[in-house]
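I opened this notebook to keep a record of what I looked up in the structure, in the order in which I looked. The entries go from confidence to domains, sheets, one residue and the contact between chains.

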Amino acid sequence: MDLDIVLQLADSSVRLATPLLLACLAGLYSERSGVFDIGLEGKMLIAAFFAAATAAVTGSAWVGLAAGLAASLVFSMLHAVASITFRGNQLISGVAINFLAVGMTALLGHTWFRQGGQTPQLVGDARFHAIELPGAARLADVPVIGPVYAEVISGHSILVYIAFLAVPLTWWVLYRTRFGLRLRAVGENPAAVDTAGISVPLLRYQALVITGILCGIAGAYLSTSMNAGFVREMTAGKGFIALAALIFAKWRPWPALFATLLFGLLEAIGIRFQNVELGGIGTIPVQFMQALPYILTVVILAGFVGKAIPPRAGGEPYVKEE
Amino acid sequence: MSFMQTLLGAGAAVAVSAASALAEPAIIYDLGGKFDKSFNEAAYRGAERWKKETGENYREVELQNDAQREQALRRFAEAGANPIVTVGFAFASTLEKVAPDYPDTKFVIVDMVVNQPNVRSVVFKEHEGSYLVGMLGAMKSKTGKLGFVGGMDIPLIRRFACGYVQGVKAVNPDAVVFQNMTGTTPAAWNDPVKGAELAKAQIAQGADVIYHAAGGTGRGVLQAAADAGVYGIGVDSNQNYMFPGHVLTSMLKRVDNAVHDAFRDGPGMSTGLVVLGLKEGGVDYAYDEYNKDLITPEMKAKVDEARQKIIDGEIVVHDYMSDNSCPVK
């Protein structure tokens, strides 16, 4: 395997990992605050739809992104009201959000655009295009570093860079700020946080606002950057893969980056290598290559993660003692 | 719960349109979706053309999953729709089972052969049309490397691929064709993300013309080709307009004619096998205002010559499905 193939794989992994990474970090904020969120999928989907629909109408990807963020925030707050204020079951609320997103996007999409739930193809400024980082062309001739910079690091859309910058930012917020300390505490022992005179519901609401924003970016990336338009159910389980990555990363930001990159790489391998010829032995069938990411997921989760302990107060609505 | 059901039902996007008249024809689209800009959309256009000509209505449903095939077929048959057109090879096993139960109803299946007395099977010689677009692709390619992205990995799609490669090799025997299939399940018909990734991988390997036979997945293929400044080749419908200047041509498969003719013939239509090739106008390559600047007169002359030779039987394009193998790689 030569360097070119490695670089192409890495490039493809970065693209494929971006929505997972954003969703994974979104889940991290929510779950660290003690609110399980299996509605990441639905929030991404609704954001993808509104981003593409708005971008198609206005012709601006940025306005589309804003609409996607707004839609995702509304859904996130729906989850917050149900599970924080009304202390409902967080899993049920999450499932409801996923269903609602699937139905709503198809219904609105067909009503508005008459194309069976798709939005029109986005062209020109209605999409986030790949940007060349400064010096990419000049550095490309430098051995090893040059191609890595020019092919893998440069040439993605702005949302990809936002996603990757969100990782150190999340680390800093979580471990170096007062808000982060309280956020971690409220997911472990809300009673203690409450005793210290800090509002548990407020903290959780704040966490879910961040979740909504990150899911919104993920959705907008799917429909206005990776693709040129919304297609029904285009998230295709990415929200759940992000949850798996979150467990794999044990609810920590840097491992979340590596976990999602790994899932991205596995997907890229499944796409890139279909029928692999093995000298002498025969051909590995395409079905196996496509199942490989899932097989490796099971192997990794079962064998290498060790014990993943979720935030202790996760899934439990907080009831203040009288 | 009923609210949720309404929403989910609406998710089926195009519900069975209810208008009551005797023996309305009906059409069932496959999982790629009615608006896949390709295969199913061609069928839709055929149905709409019939509607415009006659002013009559037809019933339609867009499947959401495999389990709905039999349900949709039986529902239409019970409701008295006649004929019922099923668009896609995947209906074969269901139709085999359902058709004998409704001997007075006529069924049509596109892309597959079902041997029942009340079924008309319409199949196309996709290898002939693919041969022509392969020739155009090879003449356009500067790198001598071309790509093919298929949808679901089935013999039918290999037939497209094989015809394409034969066309490419007829122009440039040294050309390399990268072939990828999107998947092995019906989901492969509607996965533009994966289509785009496959196309990007082929472009990274040097491909500068990429042909897709992947239904809705092809949107991603054509988009990736346009993004990278190379050429895509559309399929089934004329897709030249989608990315003007970056869609070299489209392999037209006149599914619209198959649907239109079935609707026109009505309940008394003939059954049995109908094979549509270049000669019958069932397949062709697209040449219109969107791609006339991409195809030089020399290219057009050469491909039209081959077209005539295929019609006259001087060139025989190997059909993958005749022996499940392809003479060229």
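What follows is a set of short entries on a predicted model.

**Entry 1: confidence.** I began with the scores, and for the complex the predictor gives an ipTM of 0.78 and a pTM of 0.83. Chain B averages a pLDDT of 89, and 93% of its residues score at least 70. Looking element by element in chain B, I found the lowest mean pLDDT, 52, in helix α1 (residues 2-11), and the highest, 96, in strand β8 (residues 209-213). I also noted that pLDDT stays under 50 over residues 10-21 of chain B, a stretch for which the model has 26 contacts beyond four places in sequence.

**Entry 2: domains of chain B.** I then took up the domain assignment, which gives chain B a domain 1 made of 2-125 + 256-276 and a domain 2 made of 127-251 + 283-323. Taken over C-alpha atoms, the centres of these two domains of chain B are 28 Å apart. Where they touch, 17 residues of domain 1 of chain B are in contact with 17 residues of domain 2 of chain B. On the domain 1 side of this contact, α2(B) gives the most, with 4 residues. I sorted the residues of that side of domain 1 by character and recorded 7 nonpolar, 4 polar and 6 charged.

**Entry 3: the parallel sheet.** In chain B I traced an open sheet of 6 strands with parallel pairing, in the order β2-β1-β3-β4-β5-β11. Its edges are β2 (59-62) and β11 (272-276) of chain B, and each has a single partner strand, so one side of each is left without a neighbour in the sheet. From one strand to the next the twist averages 15°. Helix α2 (residues 39-54) of chain B packs on this sheet, where it touches β1 (26-29), β2 and β3 of chain B, and its direction makes about 165° with that of β1(B).

Within the sheet I looked at one pair in detail, namely strands β3 (residues 84-87) and β4 (residues 107-110) of chain B, which pair in the parallel sense over 4 bridges. B:Ile84 stands opposite B:Phe107 in β4(B), and B:Val85 has B:Val108 of β4(B) as its bridge partner. I also asked whether the faces of β4(B) are covered or open, and found both covered, with B:Phe107 and B:Ile109 buried on one side and B:Val108 and B:Val110 buried on the other. For the background to this, I noted that in a regular strand the side chains alternate between the two faces of the sheet.

**Entry 4: B:Asp111.** Is B:Asp111 buried or exposed? B:Asp111 lies in the loop between β4 and β5 (119-124) of chain B, and I count it as buried because 23 other C-beta atoms lie within 10 Å, where the cut-off for a buried residue is 20 or more. Not counting residues up to four places away in sequence, B:Asp111 touches B:Gly88, B:Phe89, B:Val123 and B:Leu156. I also recorded that B:Asp111 and B:Ala90 are 21 residues apart in sequence and 8.8 Å apart in space, C-alpha to C-alpha.

**Entry 5: the mixed sheet.** Chain B also holds an open sheet in which 6 strands run in the order β7-β6-β8-β9-β10-β12, and here the pairing is mixed. β7 (176-183) and β12 (283-285) of chain B stand at the edges with a single partner strand each, so one side of each has no neighbour in the sheet. The twist averages 15° from one strand to the next. Strand β10 (residues 247-253) of chain B pairs with β12(B) in the antiparallel sense over 3 bridges, and in β12(B) the bridge partner of B:Met251 is B:Tyr285. Helix α8 (residues 218-227) of chain B packs on the sheet and touches β6 (145-152), β8, β9 (231-236) and β10 of chain B, with its direction at about 160° to that of β9(B).

**Entry 6: chain A against chain B.** Last, I looked at the contact between the chains, which takes 26 residues from chain A and 28 residues from chain B. On the chain A side, α1 (3-32), α4 (90-113), α12 (253-272) and α13 (286-303) each supply at least two residues, and α4(A) gives the most, with 8 residues. I recorded the character of that side of chain A as 11 nonpolar, 13 polar and 2 charged residues.

Methods: Residues numbered from 1 in each chain as written. Chains lettered and ligands numbered in written order. Predicted model: local features only at pLDDT ≥ 70, side-chain atom pairs only at ≥ 80, totals over all residues. Pairing = 2+ DSSP bridges. Axes fitted to C-alpha atoms, helices over the stretch in contact; angles between N-to-C directions. Contact = placed C-beta atoms within 7 Å. Nonpolar A, V, L, I, M, F, W, Y, C, P; charged D, E, K, R; others polar. Domains from an automatic or database assignment. pLDDT = per-residue confidence, 0-100. Buried ≥ 20, exposed ≤ 12 C-beta atoms within 10 Å, placed from the backbone.
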